[in-house]
Each structure stands twice: as C-alpha cells, then as structure tokens.
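Let's take a walk through one small part of a protein model and see what sits beside what. Have a look at the structure first.

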Amino acid sequence: MEKISLTTTAHNCFFTSTLPKTSSFSSSLFASNQLLGLPLSSSSSSASTNPRLRLVSRNAASCRTVKCSVSEAAEPLTASEKRQLKRRGDVRNIAIVAHVDHGKTTLVDAMLKQTKVFRDNQFVQERIMDSNDLERERGITILSKNTSVSYHDTKINIIDTPGHSDFGGEVERILNMVEGILLVVDSVEGPMPQTRFVLKKALEFGHSVVVVVNKIDRPSARPDFVVNSTFELFIELNATDEQCDFQVIYASGIKGQAGLSPENLAEDLGPLFESIIRCIPGPRIDKDGALQMLVTNIEYDEHKGRIAIGRLQAGVLEKGMDVKVCTSEDSCRYGRVSELYVYDKFSRVPAESVEAGDICAVCGIGDIQIGETIACKVSGKPLPSIKVEEPTVKMAFSINTSPFVGREGKYVTSRNLRDRLYRELERNLAMKVEDGETADTFIVSGRGTLHITILIENMRREGYEFMVGPPKVINKKVNDKLLEPYEIATVEVPEEHMGAVVELLGKRRGQMFDMQGVGSEGTTLLKYKIPTRGLLGLRNAILTASRGTAILNTIFDSYGPWAGDMSTRDQGSLVAFEDGTSSSYAIASSQERGQMFIGPGVDVYKGQIVGIHQRPGDLSLNVCKKKAATNIRSNKEQTVILDTPLDYSLDDCIEYIQEDELVEVTPQSIRMCKNPKLQKKTRAHV
C-alpha cells in the first residue's frame with residue numbers, strides 16, 4: 001500500500017504519521033491542509049527538497065513523534081507584556097470538557113489510578129470525581145471539581161466539568177483557571193451540541209486543545225468521521241490556524257488505554273499524558289509582579305468557612321499574608337489569608353506559600369465572592385470579572401400553602417426560602433433570583449429546567465418545603481419585536497419510531513435542518529431548531545413516542561422571532577374532590593377516567609392532582625369514597641383490580657404542569673396541585 005508522509009503545524013505542534021493514501025482521513029486532512037496552507041506530498045523526492053516533509057519508515061503508533069511547543073498567536077497580549085511574563089514549565093492546568101455521557105469522569109478515574117493517586121489495595125468507587133449524592137444518582141456531573149496528578153516531575157491540575165448545557169456557567173467560569181483543554185468526543189456520536197458550546201468558549205479564551213476520541217473500543221466506532229467532524233467544527237467556530245491543527249489521541253477511558261492510532265493503543269494512558277505536557281503550555285506568569293488571583297470557585301467548610309479557589313496569576317501568596325480583595329477599581333476591602341492549600345492528588349494539602357501559575361484554595365476571607373480578585377495589599381489591581389451567558393428559563397418559587405404544610409419540612413417560611421435562594425447566587429453565577437409580585441414569591445431564572453430542578457432537589461434534601469410553578473421562557477423585545485430563545489435539539493432515534501418523533505417536533509414549531517444515519521445500529525440523528533417553549537415537557541413525550549429509545553440533547557442557539565402559539569399538552573388533569581385518604585373502591589372507578597398518580601391509602605387534599613385525564617379539560621373526582629356498609633349480604637365479595645399508579649419524578653412533574661398548576665415539594669413527597677389563585681372551573685364527577 002502506498003504511504004503518505006504528513007507533517008502539520010499545530011500550536012507549533014509537529015506530528016508525523018504514516019497513513020494509507022486511500023483512507024478517508026487522509027483525503028480530509030489533504031483538504032484541511034490546503035485550507036490552512038500546509039503542504040502535503042506523496043513522494044519521497046519532494047521530502048528532500050522541502051524540509052517540512054519527511055518520510056516516516058516506522059509504522060508503529062508508539063514510534064510516532066510528537067513535538068509541541070507553544071504558539072504565541074492565540075494569547076491576546078502585547079509584546080511588552082510578553083517580555084514581562086514567563087512560562088512555568090513544571091505545571092499544567094487543564095480542563096476536561098465534553099458533551100454529557102462522552103466519558104470525561106471515567107477518563108479522569110483512569111488518569112488518577114495510573115498516576116498512583118491511590119494505593120494498589122485501596123477500594124475506589126466508579127466515577128470518583130462525582131462525589132455529590134445527586135451526581136451519583138443521576139450519573140451526571142453537576143459541579144466542576146479540582147484534582148491533580150504528577151507525571152514525570154510535572155504537576156497536572158485537572159478540572160472535571162459538567163457536560164449538560166444547563167450547567168454551562170460552571171464551564172465558562174473554570175476556563176479562566178486553565179491554559180488548555182482536553183476535548184473528549186465519543187467515537188460513534190462525534191461532536192454534539194455541548195461539545196460545540198464548550199469548544200466555542202475555549203477557543204474564545206485562546207486555549208490550546210487536545211482532542212481525545214474516547215470509547216474507541218465500541219463496536220461501531222468511526223474515528224475518521226469523528227476527527228473530520230471535529231475539524232469542521234473548529235472551522236465553523238472561526239478557530240485560528242494554530243488551533244485547527246489539534247493533536248488527536250484515541251482512548252478507551254474504561255480500559256485506561258490511549259494511543260496515536262485507533263488500531264494501536266498503548267497499554268496505559270502514556271500517550272495522553274505526553275500530549276498534555278507537550279501540546280498544552282505551562283501558565284504564563286509574572287512571578288515578581290504584584291499579587292493577583294481571580295476567585296473562580298467557592299466551597300464551604302463547617303470549620304474553615306468559605307474557601308476561595310482560583311489560579312494565582314502573579315506574585316507569591318503566603319499563609320498569614322494581609323491582602324486586598326477587589327471587585328472593581330473603586331471597591332476594595334482588606335483581609336488576611338488564614339489557611340492556604342494546594343491540590344495534591346485527590347486532596348487539598350496545606351501549603352506555606354504558592355507561586356504564580358498554580359491553582360490553590362484560600363481560607364480566612366469570610367465574605368469572598370466568585371469573580372473577586374485577591375490582590376497585593378499595597379499595589380494590587382483587580383482582574384476582569386467573570387462573565388457568563390444570560391439565563392433563558394424562569395420559574396416561580398413560593399411558600400407551601402397546601403393543607404399538609406409543615407408535616408415533613410424544617411424550613412417553611414418565606415424568610416427561610418428567601419435566604420436559601422439568595423445564598424445560591426453566591427456560588428451559582430448563571431442563576432438569577434428576583435422578588436415576585438407578592439412577599440412570599442420569588443422568580444428564579446436559570447439556563448434550563450434541569451439547572452433549576454437540581455436546585456429544587458438540593459433544597460428538598462436540606463429540609464425545605466415550598467411550591468414551584470411551571471417553567472417559562474424569558475423573552476426579549478428588540479425594536480418593538482418580540483423575540484424568544486431558540487435551541488438546537490438533536491434526537492437520536494431508531495428508524496421505526498422516526499415518524500412519530502418528527503410529527504411531535506413539528507407540532508412544537510421545530511424546523512429540521514439535518515438528518516443522517518449514525519453508526520451501524522439503524523439509528524437516525526435528527527437536528528432541529530426549535531423554540532425553548534417547545535422543549536418544555538418534550539422529553540417525556542419523545543420517550544413515549546419512541547418506546548423509550550430516543551435520546552434528546554439540546555443547547556441554546558440564539559434569540560429569534562416569536563414562533564406563534566403551540567399546545568404542549570392535550571390532556572387535562574384528574575383533581576381530588578375533597579380532603580381524606582384514598583380508597584381502593586374509589587380508585588377502581590376513577591381509573592376508568594385516566595391514569596392515576598396515587599394508590600389506595602394515600603392522604604390527599606382538595607385541589608391535588610391525582611391523575612391524568614384521558615380527554616382535554618380537568619375533571620374532579622372523589623378518590624376518598626368508601627363502599628357503603630349495608631346489612632344486605634352479597635353472595636361473593638367483589639375483587640378489585642387496580643392499575644399500577646404512575647410514579648413521576650421531580651423532573652417529570654415540572655414537565656407535566658400547566659399554567660394553572662403547581663408542584664408541591666417537601667423532603668419526602670412530591671405532589672401536584674391546582675393553583676388556587678388561578679383556579680378554573682372543573683367538571684365534577686363524584
């Protein structure tokens with residue numbers, strides 16, 4: 001087979017490889033190199049005349065050379081600033097970013113194990129970075145977390161980030177702390193909506209990118225397609241020439257293997273670590289300058305209080321040092337560093353001093369906030385504050401007004417609710433809280449329903465009782481035109497269910513702009529531009545239409561013209577007629593009217609939603625009615641067969657409710673009820 005010699009310049013990053021001339025990857029790279037002005041030759045004679053082309057005789061992936069230095073082009077600094085700042089060679093700060101479920105946290109697990117962070121006989125649970133109970137239950141990363149490993153005398157600070165677009169604020173925030181990212185992409189799915197979002201942010205910061213094609217051991221893996229798609233995504237996002245020539249590593253996070261070729265993986269993640277050290281630059285620091293550290297994250301400890309986390313930009317920070325805390329040029333206050341920590345392996349380790357370029361944790365400043373700068377007491381200046389994108393969805397939180405208030409929760413008053421919501425703003429930059437129309441109502445705005453649902457779930461577990469209204473989109477008015485948020489929705493669905501899904505998205509004003517087959521499993525990938533309003537309640541509807549096989553992913557795109565009215569729910573609710581305890585006798589007749597949410601022996605109150613009506617419009621039912629006790633003997637006791645009630649989670653309830661309905665959230669129960677302030681007249685059926 002004829003071989004091509006290929007040398008590309010990426011971040012001044014030279015990698016040589018031998019590829020078959022007939023491969024689709026080589027033809028794609030030929031096109032990309034033409035686009036970037038890089039030469040490509042298929043003969044050895046041209047290699048002798050052009051020093052940038054070499055013929056490689058070694059075919060093994062392990063023998064391929066990777067030589068990376070740092071490109072200055074991506075850093076928006078003046079020449080005088082560059083002369084003052086130096087590179088620190090013994091530290092690398094990286095963030096691992098990817099779409100949800102592409103294997104970030106599993107890859108971090110393998111990196112921690114292979115750098116001997118744990119003892120050989122130590123029990124280590126899966127996805128160790130997902131330390132939060134809610135993260136473990138849902139199998140997703142919600143909060144970004146720091147750790148560090150050592151590889152050949154180089155300390156690598158690793159930040160694991162969330163994959164859901166609803167938690168994009170976490171990703172935007174931590175990109176201030178790093179110089180490069182590992183972009184993890186699934187070997188079958190390729191770049192997905194969240195891949196695009198996090199990559200766009202990283203490229204805007206001018207960060208170096210190493211692309212990791214993960215899950216390469218999947219049977220239907222298509223690495224050539226994935227690398228080509230990723231390259232096209234770089235071009236779409238206006239990446240520089242240096243950024244477009246990224247280093248590609250093929251890996252299997254669960255097996256702990258990586259390599260420069262999909263067919264020839266090393267026994268460990270050595271090639272990945274080598275690429276991090278060679279292709280991602282060390283931090284650019286001003287060691288002798290005035291102290292500067294931007295606070296990008298905050299943790300809380302019962303004994304130490306608030307702990308500020310960030311990367312030291314300039315100077316040296318010492319334990320016991322007096323510092324200035326700046327929000328802007330005019331607003332500064334003073335504090336003292338009581339404790340200082342650095343990240344070593346999987347824990348925080350006390351330190352006496354920290355040099356510029358490292359990520360550290362600072363205790364002792366009780367009122368520190370994210371986005372503030374810890375600076376030199378004498379000549380310190382603030383760094384630019386962190387900016388995150390605006391929220392697109394809002395929900396109303398109010399105190400619990402149901403007859404069951406106070407049965408389960410510790411915190412039930414509006415003062416408790418207000419304090420907790422405003423406390424959330426200290427850590428959750430992408431969220432906003434405003435006072436509502438009444439003293440006991442608060443409007444919470446976030447990046448999506450999941451973003452707000454995670455807050456609700458955390459508050460529920462902390463002992464709060466409250467009610468939430470249905471999610472609403474945040475519209476804008478520009479030049480007297482009403483604009484609403486649009487999102488890009490990608491749906492993976494088997495071909496046999498595609499018709500039902502397309503019909504459903506069409507009803508919700510979605511516009512298809514792409515459709516393609518995925519892998520060899522008979523799955524179709526549909527891409528839609530759809531109003532955010534149309535996505536509310538869509539997840540459950542799509543699962544029903546596709547028999548639970550469809551996978552829906554969404555990400556905010558832009559604001560566009562109002563799409564018009566749409567109906568998101570065709571069926572009404574079954575509403576309890578009176579207070580009491582549900583009985584088998586009443587539910588047996590009630591279940592003929594629709595699907596029930598409750599079984600027998602459950603306490604209900606008037607106005608509580610107890611089921612889904614099979615027709616449009618609400619219907620009042622008496623689910624507490626008991627069989628009349630008479631002295632007439634029947635020959636045989638009647639056997640009652642009850643259907644299994646629907647078990648709706650918090651997410652399902654929030655998707656289900658309409659404008660005149662509320663979700664009652666308590667530590668042990670989640671109920672739905674009609675909003676008494678917006679009560680419509682319902683048909684009664686006793």
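Ala251 of β10 has Ala258 of β11 as its bridge partner. Strands here are DSSP runs marked E of at least two residues, numbered from the N terminus, and two of them pair if DSSP finds at least two bridges between them. This is a predicted model, where local features need pLDDT of at least 70, side-chain atom pairs count only at pLDDT 80 or more, and totals for chains, interfaces and linings use all residues. Residues are numbered from 1 along each chain as its sequence is written, and side-chain values use heavy atoms, with hydrogens and water left out.

So who pairs with β10 (residues 247-252)? Here are its two pairings:

| Strand paired with β10 | Sense | Bridges |
|---|---|---|
| β9 (residues 208-214) | parallel | 4 bridges |
| β11 (residues 257-259) | antiparallel | 3 bridges |

On the β9 side, Val213 is matched with Tyr250 of β10. Over at the hairpin of β10 and β11, 4 residues lie between the strands, and Gly256 has a positive phi near 70°.

Is β10 enclosed or open? 6 of its 6 residues are buried, so the rest of the structure largely encloses it. (Buried means under 20% relative accessible area, exposed over 50%, and partly exposed in between, with a 1.4 Å probe and protein chains only.) In a regular strand, side chains alternate between the two faces of the sheet. Sure enough, Gln247, Ile249 and Ala251 point one way from β10, while Val248, Tyr250 and Ser252 point the other way.
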